[in-house]
Number of protein chains: 8
Amino acid sequence: MTAESIRRLFEQVRQGKLSPDDAVSRLRHLPFEDLGFAKVDHHRVLRVGIPEVVFGEGKTPTHMAQIFARLASHGGNLLATRTRPDQFAAVKQTVPKAEYRELARAIVLRRDRKKYGKGIVAVVSAGTSDIPVAEEALVTAEVMGNDVEHLYDVGVAGIHRLLSNRERLTRARVVIVCAGMEGALPSVVGGLLGVPVIAVPTSVGYGASFKGLAALLGMMNSCASNVSVVNIDNGFGAGYVASLINRL
Amino acid sequence: MTAESIRRLFEQVRQGKLSPDDAVSRLRHLPFEDLGFAKVDHHRVLRVGIPEVVFGEGKTPTHMAQIFARLASHGGNLLATRTRPDQFAAVKQTVPKAEYRELARAIVLRRDRKKYGKGIVAVVSAGTSDIPVAEEALVTAEVMGNDVEHLYDVGVAGIHRLLSNRERLTRARVVIVCAGMEGALPSVVGGLLGVPVIAVPTSVGYGASFKGLAALLGMMNSCASNVSVVNIDNGFGAGYVASLINRL
Amino acid sequence: MTAESIRRLFEQVRQGKLSPDDAVSRLRHLPFEDLGFAKVDHHRVLRVGIPEVVFGEGKTPTHMAQIFARLASHGGNLLATRTRPDQFAAVKQTVPKAEYRELARAIVLRRDRKKYGKGIVAVVSAGTSDIPVAEEALVTAEVMGNDVEHLYDVGVAGIHRLLSNRERLTRARVVIVCAGMEGALPSVVGGLLGVPVIAVPTSVGYGASFKGLAALLGMMNSCASNVSVVNIDNGFGAGYVASLINRL
Amino acid sequence: MTAESIRRLFEQVRQGKLSPDDAVSRLRHLPFEDLGFAKVDHHRVLRVGIPEVVFGEGKTPTHMAQIFARLASHGGNLLATRTRPDQFAAVKQTVPKAEYRELARAIVLRRDRKKYGKGIVAVVSAGTSDIPVAEEALVTAEVMGNDVEHLYDVGVAGIHRLLSNRERLTRARVVIVCAGMEGALPSVVGGLLGVPVIAVPTSVGYGASFKGLAALLGMMNSCASNVSVVNIDNGFGAGYVASLINRL
Amino acid sequence: MTAESIRRLFEQVRQGKLSPDDAVSRLRHLPFEDLGFAKVDHHRVLRVGIPEVVFGEGKTPTHMAQIFARLASHGGNLLATRTRPDQFAAVKQTVPKAEYRELARAIVLRRDRKKYGKGIVAVVSAGTSDIPVAEEALVTAEVMGNDVEHLYDVGVAGIHRLLSNRERLTRARVVIVCAGMEGALPSVVGGLLGVPVIAVPTSVGYGASFKGLAALLGMMNSCASNVSVVNIDNGFGAGYVASLINRL
Amino acid sequence: MTAESIRRLFEQVRQGKLSPDDAVSRLRHLPFEDLGFAKVDHHRVLRVGIPEVVFGEGKTPTHMAQIFARLASHGGNLLATRTRPDQFAAVKQTVPKAEYRELARAIVLRRDRKKYGKGIVAVVSAGTSDIPVAEEALVTAEVMGNDVEHLYDVGVAGIHRLLSNRERLTRARVVIVCAGMEGALPSVVGGLLGVPVIAVPTSVGYGASFKGLAALLGMMNSCASNVSVVNIDNGFGAGYVASLINRL
Amino acid sequence: MTAESIRRLFEQVRQGKLSPDDAVSRLRHLPFEDLGFAKVDHHRVLRVGIPEVVFGEGKTPTHMAQIFARLASHGGNLLATRTRPDQFAAVKQTVPKAEYRELARAIVLRRDRKKYGKGIVAVVSAGTSDIPVAEEALVTAEVMGNDVEHLYDVGVAGIHRLLSNRERLTRARVVIVCAGMEGALPSVVGGLLGVPVIAVPTSVGYGASFKGLAALLGMMNSCASNVSVVNIDNGFGAGYVASLINRL
Amino acid sequence: MTAESIRRLFEQVRQGKLSPDDAVSRLRHLPFEDLGFAKVDHHRVLRVGIPEVVFGEGKTPTHMAQIFARLASHGGNLLATRTRPDQFAAVKQTVPKAEYRELARAIVLRRDRKKYGKGIVAVVSAGTSDIPVAEEALVTAEVMGNDVEHLYDVGVAGIHRLLSNRERLTRARVVIVCAGMEGALPSVVGGLLGVPVIAVPTSVGYGASFKGLAALLGMMNSCASNVSVVNIDNGFGAGYVASLINRL
């Protein structure tokens, strides 16, 4: 990790083996990484509490188990999203401490249980079909060291269920809202609260929902100013952004 | 309006001037309208309380004044939508009793003030920019003989304003909801009420609202089952449908 | 269902155990539901003749049977849409009185056979492929207590079939029209009648039908003013809206 | 126009000045046009009754007058589409026999009045706003030597107006149908007749008509098998195709 | 088929049993079909050489065989499009004279072999993957009594193959052009010929072809004026339109 | 603001003028707002440092001046976005302390200059054309009491300019990134930093940028997990969200 | 390949058996190909180092093996893209020297190993999921006789990995960049280099990536001027274009 | 331009004033640019023959004149695209040697007239309306030091005009093809030639051309493998890419 080649350049200059001009010229031809910028890339693993993440979709159980085992050897927490039970079965054999979060379709290896988040990350979802996405957000926030709370099945067509739970929501420092179909929930939640709201459109719906496009457009046009949006079904991204906010 | 030519056919048969066979043959070649189907087309004017309607956009003041004056001669109420003040000025000269409904951008000639609707048609709008569309719906319902009530600026990001007025809404027999941007309001209103809700997406918004497409898709995917939708900015259509429902 | 906690507050004030000021302050912290707004949510089941509804797609037979049995214990009618025969088989075992409406792909438990609708709900469809959606609308209207009538396979390219049945349609108080491909039928039906028309675009078609988008756009732009639209393939929504209208 | 250079090649071979082999080799290097394929391009002007056509949009009056005058010198009929009155004023000065067809927004110079079409080309339009496109189709068919007939304002929401004129339509050999909004008219007309129907979507409408896209998609999905479609607002193309068909 | 009830009306009037006024009144309540408009619908089967058509997609072999056998009993030619070999096997058992046109995925029963078309219908396709659509067009034209000719695999990226066959194409009275991907072929063919060209976009391609949308848009914007377009993959429609044209 | 009517209810109960049961019953019919939920709506103005906001587009100078003056009377900061110089001139006359932020097209009245944000909000933009949106974000963050810093014209095609300023960016607690065209900048910035990134697609570009859609889609699909997105050109929303985050 | 029929024409003229006029006339009716234009089409195989190419998708193993064997008999290199292992197994039996390039999903028969490219073609990809497309580009460039180099998994969210390899990229004469999701990589690479960059959007991603549309639009709007784009997932096309450039 | 601060670091080490370890540590905190990467950004101006470029759209004449004059002081060629005559008038006053290329809507200052391109860049356009885009490409290629040739108005509907000029095209080393409407020309040109083809979709067309989208999609799906595509109307980008290729 240390830029040994650079140090050697300076050493040679100190020893008079190399003129400053030649040193500058050589410096220019060193690989970029040696210049110390490598740390840019590794901030993910170096920074405490940020898990390594595997995207499970399309991977064979064997392949998943290999990747998971390799990353597990790095230490820290580990999260695999969009996984299937057969992938977990394979992972379990090589990494026995891995757990399966079924609703979230996530494989989790949690070794660092320190709380990095300063408050609560709340996850709200409109309908029961949105739960897999909501749970992915929830698990991500948990693995990244947050206290989490969830409030599911509070769609806008039954607004009182949401309002009945307003008190719970006001305790959160940042709120994730998952909704498909018309994607209206983040606007309502955003209007009730004074904290940042991360909206996740889901592909739940049919016909003119166009696989989440309707919800996405709805959320982009939210009349609540405290709403920002991540990709359709991207529970992980929402959990990640919320975790970063909750550490501030 | 009477099918004189058909009657004449029968008369000729009665007088023996025409055989039944020849009459059948001639009947087939009569213009369709004479067969009595004309009434299909004229049900609009014949049925009480349905106004004749002019679409104002793109018409010169002179042209508008001519059409308006001609239709005014038919009797009954008269409604011109999407009009401009200069069009009204021209209309006013030939039809002095015409009124201008500025917010609705509508010219109205109201002679028949009978109530055809059995209850209240309520018009709800999300933001102040939606008011022109909401007012077009309101004026249409009025001209078609309904008691109307409006509730404006009750967008979902300030849900309590809507809830505070829940009582008023529950008095309506049919509700029209106009909203741009994310178009979420019809779902919330639909969830609060047990009556038909006509949703009108408006072109209010910018960027990813795509001139009302976001609101349209949102409303098509409403999680409230009592919502049906008309075209973007089609306040007239919503008022028309609501009026038909309110007559039942 | 009664707001016992509120009553208790008042009782304490009456008994002098609590000052009005303290009572106001406590009132603010009571759960929302206790304030009596819970009834908002329950209007569905409380109002006579509105069935509970399950969306069948993606559910396992076992899961469907469990949900169905649980809801059946609430009393009233029960409707499961977008179901498959294997789901019905499972339901049948726990709820023997459930029936399968094959064309509509619906499971129905009908215990309340009272007529809530005042007139006839007519369901019209353009082609034979639109029948599943049309039947879903029909079954919904039936379960919600309406006299129903249907008129299938009367697409606009054979306009006389529709016209031949004009008389039957004019008896309806509200009409549902299901059409895929170019989605033109609601405009023609709307032009023939003076009652509200609920249009249902279907995903029937190929190529440039884009899974119902062509029909949806066509219906949104209907030149008949008495047409409003629900989501693609949303027969249930159309039946629901029509039933609410028919009760007025 | 004759392939003089080729003839010369053969002449040289005949006179023994060139061997066959050298002639073949030279032939290969002759410009393509000399090989007689030029006629491909010129079939337009060579074939009787096909006018030269200018697209007027975006041209200055002066530019339009120049082009028109130059083409007028070729003989035959001449058609400028999408023109404005100021363009016509300029054209009129250099080509006094030019006429302005105001509804069609077309400038016409008609010298060849022979009938090339064997029957009637009928032009049908749904609403009054579709008339400019319909007239462009009509003028095109006239200039190309057809007997034409028109039937305007027969939209599907007032189906009887169309049916009343069925007899007139059945006299046509080919029918052009122009419609905006939901674009349903071609399907109905196509279903009534046994001849080819050319459908022209127009940009008439607002909101979800998306400048003619709704009508275009509707027509592409027509359930009448005798319908084919041209571009939005392309009255000229429809008139052109219909004219070619009517010559057969 | 005869309007017996109408004749009887006239007979009663002739015999003085009914006054002309009462007859007119009764006439209005007769079913539409009795008025002689029924023939509108039946023009398809009555007109010689127009086959009855079944759309095969999604039908079980048994269902297909039943429909096919029933229609076969009407006489005339019979065409089933988008069929599979297992459907044909079932059809073959009940209608032994049915043939399978494998490339076209069509089942054909051809009893009327009269030529109704006056010239040749040519079918051109861009790539080998477009052949199923092209063959559907070809078979349709054949079954409708046309001399057909085909020219396949003459895409625009190898323009000389098309040009080499120009002579053959010029013999056709109407030309069908099938192309996927960029859909450019109809423009080139249209430019070479002076006859109507029916363009069929196909769903051949990947990525930005968006299942035929790219080809469809390309063809709608063809710079050749003699091109009109049918739906994506709609070989049948193209064959049908071309056949109608070729009869003129 | 105090729920006087509720207090009165309790007082009446205390005085024995009203039974608890009757009080509960009356409570249910009180306007919603009296129940104390009004504070939900007013959290915006009540919470320190949140300005009132006017959307300037489409307002006449007079109208803008009236609204601005009225809101100015409420105290606190005031922000008008998407304004024009003529609107500012009118505002200036009634609210002399208002300032015009030309690049941001914003009118600002800043009375509360307290710092509510705990760190720096950085605003990054890709090209010079994105500056108006970036400045709107910047002004919003300033008016909401944040230390701000900007870094403009650091588009991804000249990546070194961004990298040269990496140090400055790492000082920020939350970063706003505005970019049009391909919208790639948020991904690169997100990859460099470990804090939340708010991405704002701008409508800068032409052709296939489709008024910001390309940038919007790009940002939704960002491969950097710390990115969330607001509407096209919504600098205000980004500044608002960033300010809420910076207060945490 | 020789235009024997033309030569014979000249011979007949030379021998006086045919007049030059008649020869010209006959020439016009010769098949196009005889005129020597056939070479246009065959430039592909005639030009050294351009392989024949088979598109594997949808072909049965048997069919693939037949085509492959037939083309193999022509000599030169041979490439089958989008193939599956079972197709390769079949090919291997008839063409034992064929190799399977698994990552690229390509079957290759390489007989001509001459270098036609003058420099290096570099292939860069953003994520590991883009590798199949990148490898297809790489294999294409190899089979067309280029030195190739690849640089994978250098997405913009970890920009230093790309920068660390800048030196390697600057050695390339033309660079292919494959990226899904937001498709930002070509802009960054384009900004770093002064050579042509061929961008390949991939269908990698989910939700708002819309199967590569987001990446495609992003690349079309690249702010780097040296970027041009091919179809989604079209690694072959990119390799082909790059190879043509590298030969210059 | 020299990394003076780095040299000074080495000098201090040489003089023993700084230990190698401290030097490494300081190096890390130096601004990025000092590390010599600045040259990355400046490659544009440093590399011979690459002009500086201004995008004229939306700039006032005064602003344009200022920018142009400032850039002119840098030496080298200068190009302003999408300019208007009034902008040129202002530029002309401060930079008298600037020329206006009217068809290309470009202002050019050409001081370096050296040829950097090794062969001919040919620019082909489909219709006369495409010429502004084609000329922008042509001027760009000229200013970048290429021999250029153009071939306009050779659309695919008159294919012989293109074929007649095949010889001229085969002389080009790289070809730019501009086309609107169906965008088919690049496929045809690509099929005729063995060199790279840069396709430019133009916004020429109406209706279903959707401002160039149809042409863009067509070109992305080109069946000619040597075609790559730039943004709609991006003549500059095409000229730039072609120039880079022509230097190789």
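**Entry 1: chains A and B, the contact**

I looked first for charged pairs across the contact of chain B with chain A, and the count of salt bridges between these two chains is zero. I note at once that this is a predicted model, and that every value I write down here is computed from it. I then asked how many residues the contact takes from each side, and found 23 residues from chain B and 23 residues from chain A. For the area buried between chain B and chain A I wrote down about 1,900 Å², with 71% of it given by carbon and sulfur atoms. On the side of chain B, the residues that lose the most area to chain A are B:Ala157, B:Glu182 and B:Asn221, which together make up 31% of what that side buries.

**Entry 2: chains A and B, the symmetry**

I next looked up how chain B is laid on chain A, and this takes a turn of 179 degrees with a shift of 0.1 Å along the axis, leaving an RMSD of 0.2 Å. That is the relation of a two-fold axis. The same surface serves both copies, since 100% of the contact residues of chain B recur in chain A. Which residue of chain B comes closest to the rotation axis? I found B:Ala184, whose C-alpha lies at 2.5 Å from that axis.

**Entry 3: chains A and F**

I repeated the superposition for chain F, which can be laid on chain A by a turn of 180 degrees and a shift of 0.0 Å along the axis, with an RMSD of 0.1 Å. Of the residues of chain F, I found F:Val229 to come closest to the rotation axis, its C-alpha being at 2.4 Å. The copies meet through the same surface here, because 100% of the interface residues of chain F are also interface residues in chain A.

**Entry 4: a helix pair in chain G**

I then turned to chain G, where helix H6 (residues 131-143) packs with helix H11 (residues 235-247) at an angle of about 35 degrees, the two axes being 7 Å apart. The crossing in which H6(G) passes H11(G) is right-handed. Looking at the residues that meet, I listed G:Val133, G:Glu136, G:Ala137, G:Thr140 and G:Ala141 from H6(G), and opposite them G:Gly235, G:Phe236, G:Gly239, G:Tyr240 and G:Ser243 from H11(G). Sorted by class, this contact of H6(G) with H11(G) has five nonpolar, four polar and one charged residues.

Methods:
Residues numbered from 1 in each chain as written. Chains lettered and ligands numbered in written order. Predicted model: local features only at pLDDT ≥ 70, side-chain atom pairs only at ≥ 80, totals over all residues. Heavy atoms only, no water. Least-squares fit on C-alpha atoms with pLDDT ≥ 70 in both. Contact = heavy atoms within 4.5 Å. Axes fitted to C-alpha atoms, helices over the stretch in contact; angles between N-to-C directions. Helix = DSSP H or I, 4+ residues; strand = E, 2+ residues; numbered from the N terminus. Left-handed = near helix turned anticlockwise from the far one by under 90°. Nonpolar A, V, L, I, M, F, W, Y, C, P; charged D, E, K, R; others polar. Buried area = accessible area lost by both parts, 1.4 Å probe. Salt bridge = Lys/Arg side-chain N within 4 Å of Asp/Glu carboxyl O.
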